Amino acid sequence: MSASLSGDVPSEQISTNRSDISGQINGSFVTLNIGFHTDQGVLSAGTLTLNVVQQDGSIQPIVYRRASDADYNAALAKLNSAVQQTNNQQSQADNRAAAEQQVAKDYQAIGSDETNVKSDLSSLKDTVSSTATDVGTVHSDERNVLSESGNGTDNGTVCGDAASVSGDAASVSGDASSLSGDLSSFTSDLTSLDRDARSLSTDLAALLNIEPGYTGGANEPSPSTAREAVSGAGLAASADIQSANGDIDKENSYVSTAYGYAADAQKAGSCGEPPSPPSPISHVPASGTSNPDPQSGFLQPVSKKPPGRRGKRSGRPLRDLSAPTDPLRGPVHTSFS
């Protein structure tokens with residue numbers, strides 16, 4: 001009977017096999033035919049010493065002693081125990097390394113998510129700024145129509161220019177559609193941030209369960225750093241949602257103002273029904289609102305607004321759109337019913 005090892009830790013295994021041998025005994029001298037080679041030696045007082053050819057070609061004496069079945073079983077049990085212990089130790093080391101790498105991956109993902117969210121917020125503000133410029137165009141063209149209607153310009157010209165004001169308002173509606181697209185990216189990246197923050201919290205707990213003494217490493221966050229990243233992600237998300245909703249309020253105000261200018265232009269020339277404004281963009285809801293998204297602790301995705309019709313643009317500057325005012329009718333209402 002013989003026992004041999006195969007495989008690598010943590011999956012090393014023991015296999016046993018029985019093989020036949022033949023040989024001769026001449027007094028104390030022994031010749032054994034084992035496999036494809038023959039060994040010679042001496043048998044004395046229950047001890048067999050064979051001169052065995054090694055892999056490097058040298059001959060080394062190997063001593064064998066008589067053993068019972070119980071001795072063999074004990075030796076095999078000892079070998080099994082040693083192999084199992086080695087496999088367990090390597091498996092635990094592999095699990096610790098994998099858990100540490102996962103925590104590091106989650107931590108890096110949060111940083112990437114936060115960068116993406118900040119980029120989304122920048123896009124929102126750029127779109128709102130573009131909308132403000134377009135509202136300035138609507139206002140300027142509307143004032144021209146009001147001037148024409150009061151100085152005797154023929155009604156055909158007045159209504160043609162009023163139609164241009166409506167086209168300008170449609171351009172503002174197109175800006176709002178662009179903002180909805182920006183919001184889609186924003187909510188997607190914010191959901192990723194929430195998911196990765198949750199993963200970091202869960203994976204850190206799992207790591208500390210199998211490695212209570214974990215303190216971090218060169219490319220791995222310490223437990224305190226990881227926890228700060230999780231809490232910081234939640235605080236940043238709340239502030240980011242508030243900022244995005246502020247931009248939504250501005251965009252809705254600009255859309256309402258633009259369509260108010262278009263309505264005044266149509267009315268000035270008795271040119272027919274004014275264009276209808278699109279529905280306002282909804283706020284990005286924070287966690288805890290009605291019907292929360294079960295996949296996100298930060299928000300639920302905002303629904304997209306249908307794309308608006310694009311009208312002409314102009315580079316003419318806007319005066320003061322923080323409180324839009326029409327020179328003939330006073331402050332413009334900026335809320336929807």
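**Exercise 1. Burial of D194 and its salt bridge**

Task: In this predicted model, determine whether D194 is buried or exposed, and which residue forms a salt bridge with D194.

Solution:
1. The relative accessibility of D194 is 3%. Buried means under 20%, so D194 counts as buried.
2. The salt-bridge partner of D194 is R198, with the closest N and O atoms 3.2 Å apart. This satisfies the criterion of a Lys or Arg side-chain nitrogen within 4 Å of an Asp or Glu carboxyl oxygen.
3. R198 and D194 both lie in helix α2, and because they are four residues apart, about one helical turn separates them.
4. R198 has a relative accessibility of 46% and therefore counts as partly exposed.

**Exercise 2. The surroundings of D196**

Task: State where D196 is found, which residue meets it in a salt bridge, and which residues beyond its sequence neighbours it contacts.

Solution:
1. D196 is found in helix α2, residues 155-210.
2. Its relative accessible area is 11%, so D196 is buried.
3. The side chain of D196 meets that of R195 in a salt bridge, at 3.8 Å from N to O. R195 is partly exposed, with a relative accessible area of 44%.
4. With neighbours within four places in sequence left aside, D196 is in contact with D106, A109, I110 and D113.

**Exercise 3. A salt bridge between helices**

Task: Identify the residue that forms a salt bridge with D240, and state which helices the pair links.

Solution:
1. D240 forms a salt bridge with K118, and the closest N and O atoms are 2.8 Å apart.
2. D240 belongs to helix α3 and K118 to helix α1 (residues 69-150); at 122 residues apart, the pair links distant parts of the chain.
3. D240 is buried at 4% relative accessible area, whereas K118 is partly exposed at 45%.

**Exercise 4. The span of helix α3**

Task: Compare the expected span of helix α3 with the distance between its end C-alpha atoms.

Solution:
1. Helix α3 covers residues 223-268, which is 46 residues.
2. At 1.5 Å a residue, helix α3 should span 68 Å.
3. The end C-alpha atoms are 68 Å apart, so the two values agree.
4. After α3 comes S270, with a positive phi near 50°.

**Exercise 5. Strand pairing around β4**

Task: Describe how strand β4 pairs with β3 and with β5.

Solution:
1. Strands β3 (residues 22-26) and β4 (residues 29-34) run antiparallel and are joined by five bridges; I25 is partnered by V30 of β4.
2. Two residues lie between the strands of this hairpin, where G27 takes a positive phi near 70°.
3. Six bridges join β4 to the antiparallel strand β5 (residues 37-44), and F29 has V42 of β5 as its bridge partner.

Technical notes. Residues are numbered from 1 along each chain as its sequence is written. This is a predicted model: local features need pLDDT of at least 70, side-chain atom pairs count only at pLDDT 80 or more; totals for chains, interfaces and linings use all residues. Side-chain values use heavy atoms; hydrogens and water are left out. Buried means under 20% relative accessible area, exposed over 50%, partly exposed in between (1.4 Å probe, protein chains only). Contact means heavy atoms within 4.5 Å. Two strands pair if DSSP finds at least two bridges between them. The expected span of a helix is 1.5 Å times one less than its number of residues.
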